[in-house]
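Welcome, and please open your viewer. Rotate the model once, then follow the stops below in order.

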Amino acid sequence: MDSTPVNWEALDALIIDFVSSENLVEDAAAAANSSPSPLSSPSSSSSPSISSSSYHSRLIIRRIRNSIESGDIETAIDILRSHAPFVLDDHRILFRLQKQKFIELLRKGTHEAAIGCLRTCVAPCALDAYPEAYEEFKHVLLALIYDKNDQTSPVAHEWAEKRRYEMAGLMSSVLRASLQAYDPLFSMTLRYLISIHKGFCFHQGISSAVSDLTHRLLLEERDAPATPLESMYEIPPFDEVDIQALAHAVELTRQGAVDSMKFAKGDLFQAFQNELCRMRLDVSVLDELVKEYCIYRGIVDSERQMIKGPTKRNQSEVGRSLSRDCSLEIDLNTSQHSDSENYSNKIMLDGSFTNDTEMSCEQGGDVGTHYGSEPTSVCEDCSTSWSNQCENTRALLRIRSHMNSEGNKRKRWCGRTAEMDCLPRLSFAKSESGTNPVEDKYEIALALKELVSRGMAAEAVYEISTMDPNFFTQNPGLLFHLKQVEFLKLVSAGDHNGALKVACSHLGPIAANDQSLLKTLKETLLVLLQPDGTTPGKDLPLNDLANMLQVSVGNRLGIEEPKLMKIIKATLHTHTEWFKLQMCKDRFNNLLKIDSLKEVNTDLIGAIKSRSKKDSNTNLSSQVTTTSSSTMTSEDGGSSSLMMMTQTSPREALWEESAILKVMEFLAMPRSDAIQLLSQYNGDAEAVIQQLFG
């Protein structure tokens with residue numbers, strides 16, 4: 001199955017919001033004086049539009065859920081009285097809780113207490129809970145005489161432990177909506193994408209490369225829906241567009257979608273969130289996937305850095321030990337770069353420190369290093385290859401020397417508390433983070449990504465070529481784009497001769513061997529004709545190029561792509577394909593930031609043209625931009641407008657929207673199937689329905 005390019009910076013922002021909202025990480029700044037100073041973590045973008053409820057509210061819900069699932073109903077009721085007493089005012093819920101409490105007392109063999117519960121709690125609630133409650137009360141009395149192990153008894157279902165989980169799910173649904181304690185945006189987006197992925201694969205009869213992961217991650221069970229109060233039954237009818245959008249987005253019956261809308265008082269997006277959160281994720285699997293991704297992306301410290309970070313006490317000793325295996329000093333003045341000054345920094349590894357910035361250099365141990373100012377010698381017996389530890393260490397230190405020293409902005413992974421993590425942890429294959437070469441490989445890939453994201457393409461090319469001379473032979477397209485960045489920076493600085501030298505030496509030969517790059521090369525050379533000072537050397541869309549480099553370098557280093565990246569790639573692809581089949585826009589695309597995840601931009605020339613148009617302020621471009629943006633606003637902002645079901649296929653334009661919705665409603669089928677049926681009957685919805693029901 002193909003994959004869709006992903007904006008990893010947008011995913012980083014969602015992940016950072018998730019781990020922060022769930023208290024899975026802590027700030028590593030407090031430990032900065034005793035640990036290495038890795039590259040800064042990706043900066044978080046603006047917070048998602050769906051505000052995550054407080055961790056405290058979700059913690060309360062989880063405790064209540066855990067209590068009910070373990071059969072401790074009394075504790076669950078006590079927590080409700082303390083933190084959400086209004087929930088117990090609903091006698092429907094109170095009756096079900098008290099009935100379950102009676103069963104749990106019987107299960108423990110405390111018959112006197114069980115009878116007391118019947119007399120003082122269950123019976124009074126049964127009188128005014130709901131019309132069927134008194135009959136249910138009389139029926140549950142049979143549990144007094146039928147054994148819990150008797151599978152043929154009329155109350156076998158009352159004894160079943162499954163009832164606990166149903167009750168716990170119902171309470172979770174009610175409390176989430178009442179406390180507005182929705183899960184973080186990322187977990188909702190992941191649920192939605194995986195559910196669409198499963199539906200698409202089933203509908204198309206194809207297999208998925210990530211099916212094992214998605215089945216372990218998104219469980220089949222769902223929490224019971226929170227039913228609306230009788231007073232909500234008088235709410236005016238909802239727009240059929242909203243009902244069908246909700247029903248097909250989260251796989252509900254039409255009546256289920258109507259009930260969900262009633263409970264949300266007509267708010268489609270709140271109903272959508274309620275239904276998404278009913279889908280259950282295996283928290284232990286999710287946490288492992290997120291942790292692996294965070295380490296790969298440099299959002300959190302790796303396990304080695306968390307556990308075996310160097311201390312000031314042993315830095316000198318380690319430095320002296322290292323000096324016996326390698327030279328004491330590393331010379332950074334080893335090469336010329338076309339768009340940067342000569343290396344002239346010095347890094348001392350003898351245990352003496354002359355600068356405020358600490359870096360880690362691992363060769364036989366952990367060591368803190370500092371930048372000096374005098375040129376020195378280098379390990380002469382080290383070959384230039386990815387697998388050579390000494391060369392990797394030198395390269396890593398050189399790369400960091402290009403960038404301004406920053407404090408440790410990464411987080412430390414702390415995970416969930418034992419109380420919260422009720423599910424068993426699953427073990428994923430982990431890299432040997434306790435060994436120096438693997439640690440350096442992760443850091444090198446991250447450091448090279450950081451170089452490119454800062455526009456330092458020449459430095460990145462040099463370091464990669466030094467460590468692996470064959471890398472760009474196998475990745476010529478990547479070299480082309482990196483040299484394109486170098487070219488644009490030189491043009492921006494007014495160095496046209498230097499830019500032409502880069503074009504002649506690299507861009508031209510690469511494009512000659514790859515015809516698909518010729519158009520890009522021509523557009524790149526046109527930048528030379530722009531007036532001086534108008535070519536932007538900064539603010540180019542370099543993040544996506546940097547991410548591509550990290551993945552390619554990681555693959556060459558033997559670093560496996562995080563499993564979460566594979567899931568996101570596959571599910572975004574099927575999301576796109578699914579809505580092509582549906583021939584409409586996704587109503588919840590913007591809400592879940594799916595549009596941001598798909599916004600990948602590596603077109604540097606396009607960015608320059610866009611900037612040029614913006615600066616020129618022409619009336620035509622202004623009008624086009626205004627019209628385009630207003631159209632998108634009308635499509636994405638209306639709560640019940642038919643514009644949200646924007647037609648994207650000429651074939652669909654033949655049929656009225658009302659006909660499509662009518663077939664979807666009566667036949668309970670996806671939009672694409674409804675359109676296909678209408679095509680067979682010339683768009684006549686009545687004929688379709690009569691033919692199938694006649």
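## First stop: helix H30

Select residues 657-667, which form helix H30, and colour its buried residues: Glu657, Ala659, Ile660, Leu661, Val663, Met664 and Leu667. Bear in mind as you look that this is a predicted model. Now step to alanine 668, which follows H30 and has a positive phi, near 50°. Most residues other than glycine have a negative phi. We will meet two further examples later on.

## Zoom out: the whole chain

Show everything as a cartoon. How many helices and strands does the chain have? The secondary structure comes to 32 helices and eight strands. The chain has 694 residues, and buried ones make up 53% of them. If you display contacts between residues at least 6 apart in sequence, 74% of these join residues at least 24 apart.

## The nonpolar cores

Next, look for the largest nonpolar core, which has 159 residues. Which residues have the most contacts inside it? Select Ile15, Leu97, Phe102, Phe186, Tyr192, Phe272 and Val290. Nonpolar side chains tend to be buried together in soluble globular proteins.

Centre the view on leucine 97 and show its surroundings. Leaving aside neighbours within four places in sequence, leucine 97 is in contact with Ile68, Ile73, Ile77, Leu80, Leu88, Met167 and Met171. Apart from the largest core lies another, of 15 residues; to find it, select Met583, Ala674, Leu677 and Ala685, which are among its members.

## Helices H22 and H23

Select helix H22, residues 476-492, together with helix H23, residues 496-513. How do their axes meet? The two axes come within 9 Å and cross at roughly 165°. An angle over 145 degrees counts as roughly antiparallel, and therefore H22 and H23 are roughly antiparallel to each other. Their crossing is left-handed.

Now show side chains where the pair meets. On the H22 side, pick Pro476, Leu479, Phe480, Lys483, Gln484, Glu486, Phe487, Leu490 and Val491. On the H23 side, pick His496, Gly498, Ala499, Leu500, Val502, Ala503, His506, Leu507, Ile510 and Ala511. Coloured by class, the residues of this contact divide into 13 nonpolar, four polar and two charged.

Before leaving, select serine 492, which also lies in H22. Is serine 492 buried, exposed or partly exposed? At 26% relative accessibility, serine 492 counts as partly exposed. Try drawing a distance from its C-alpha atom to that of glutamine 530: these residues are 38 apart along the chain, and the atoms are separated by 9.9 Å.

## Helices H13 and H14

Move on to helix H13 (254-263) and helix H14 (268-278). The axes of H13 and H14 come within 8 Å and cross at roughly 110°. That makes H13 roughly perpendicular to H14. The crossing here is right-handed.

To see the contact, show Ser260, Met261 and Phe263 of H13 with Leu268, Ala271, Asn274 and Glu275 of H14. By class, this contact has four nonpolar, two polar and one charged residues.

In the loop between H13 and H14, click on lysine 265. Lysine 265 has a positive phi, near 55°, and is not a glycine. Is lysine 265 buried or exposed? With 66% relative accessibility, lysine 265 counts as exposed.

## Around helices H9 and H10

Select glutamine 180, in the loop between helix H9 (162-179) and helix H10 (185-204). Glutamine 180 is another residue that is not a glycine yet has a positive phi, of about 55°. Its relative accessible area is 39%, so glutamine 180 is partly exposed.

Then follow H10 to cysteine 201. Cysteine 201 is buried, with a relative accessible area of 8%. How far apart are the C-alpha atoms of cysteine 201 and tryptophan 578? They are separated by 9.5 Å, while the two residues are 377 apart along the chain.

## Last stop: serine 57

Finally, select helix H2, residues 55-69, and within it serine 57. At 14% relative accessibility, serine 57 counts as buried. What is serine 57 in contact with, leaving aside neighbours within four places in sequence? Show Leu179 and Ala181 to see its contacts.

How values were computed. Residues are numbered from 1 along each chain as its sequence is written. This is a predicted model: local features need pLDDT of at least 70, side-chain atom pairs count only at pLDDT 80 or more; totals for chains, interfaces and linings use all residues. Side-chain values use heavy atoms; hydrogens and water are left out. Helices (H or I, at least four residues) and strands (E, at least two) are DSSP runs, numbered from the N terminus. Buried means under 20% relative accessible area, exposed over 50%, partly exposed in between (1.4 Å probe, protein chains only). Axes are lines fitted to C-alpha atoms, for helices over the stretch in contact, and angles run from 0 to 180 degrees between N-to-C directions. Angles under 35 degrees count as roughly parallel, over 145 as roughly antiparallel, 65 to 115 as roughly perpendicular and the rest as oblique. A crossing is left-handed if the near helix is turned anticlockwise from the far one by less than a right angle, and right-handed if clockwise. Contact means heavy atoms within 4.5 Å. Ala, Val, Leu, Ile, Met, Phe, Trp, Tyr, Cys and Pro count as nonpolar, Asp, Glu, Lys and Arg as charged, and the others, Gly among them, as polar. A nonpolar core is a set of buried Ala, Val, Leu, Ile, Met, Phe, Trp, Tyr and Cys residues joined through side-chain atoms within 4.5 Å.
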